[in-house]
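Got the viewer open? Show side chains as sticks and get ready to click through a few stops.

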Amino acid sequence: MIKEKRQARRQPLRYTAWVAVTAEQRLGCVVSDISDTGARIDVQDSTTIPDHFVLLLSSNGAARRFCRVVWRKPTQMGVKFERSLADAANATLAPKADADADVPAPDAAAAPAIVEPAKTE
């Protein structure tokens, strides 16, 4: 019998979501199962998805998870959620226009283009 290596129990479901490859490019996908720590995602071609990306669970991007691919098959991927739910809720896909914010210019070669909001006190 194969030993279960997952830290959290997965719940099966069929949920439409989007992979944010860059701030401008989104690819449709289906979340097949999910847990507190990761998910299995069905995609058309897993080779087009980078090793790190943002999984958008709502069309407006309000619900999202930062993901790292841990395994791939031609049309499926297993991902680990890299950040806590609180961190994911506070992040944005693009920087806000704020002259006082200390946000570095995004690196064009980096994917995905994710910028964390400036922390205020």
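The tour starts at one arginine and then moves on to salt bridges. This is a predicted model, where local features need pLDDT of at least 70, side-chain atom pairs count only at pLDDT 80 or more, and totals for chains, interfaces and linings use all residues. Numbering runs from 1 along each chain as its sequence is written, and side-chain values use heavy atoms, with hydrogens and water left out.

Select Arg72 in strand E5 (residues 64-73); strands are DSSP runs of at least two residues, helices of at least four, numbered from the N terminus. Arg72 is partly exposed at 32% relative accessibility (buried is under 20% relative accessible area, exposed over 50%, partly exposed in between, with a 1.4 Å probe and protein chains only). Now add Ser46 and Pro50: the Arg72 side chain has a polar atom 2.5 Å from the backbone oxygen of Ser46 and reaches the backbone oxygen of Pro50 at 3.5 Å.

Next, the salt bridges (a side-chain nitrogen of Lys or Arg within 4 Å of a carboxyl oxygen of Asp or Glu); the whole structure has four. Pick Arg14 and Asp42, paired at 2.9 Å, N to O. Arg14 sits in strand E1 and Asp42 in strand E3, so this bridge ties together parts 28 residues apart in sequence. Arg14 is exposed at 64%, while Asp42 is buried at 16%.

Jump to Asp33 and Arg40, with closest N and O atoms 3.5 Å apart. Asp33 is buried at 8%; Arg40 is partly exposed at 28%.

Last stop: Glu82 and Arg68, bridged at 3.0 Å, N to O. Glu82 is in the loop between strand E6 and helix H1, and Arg68 is in strand E5, 14 residues apart.

Note on methods:
Polar contact = N/O pair within 3.5 Å; in protein donor to acceptor, adjacent residues only side chain to side chain.
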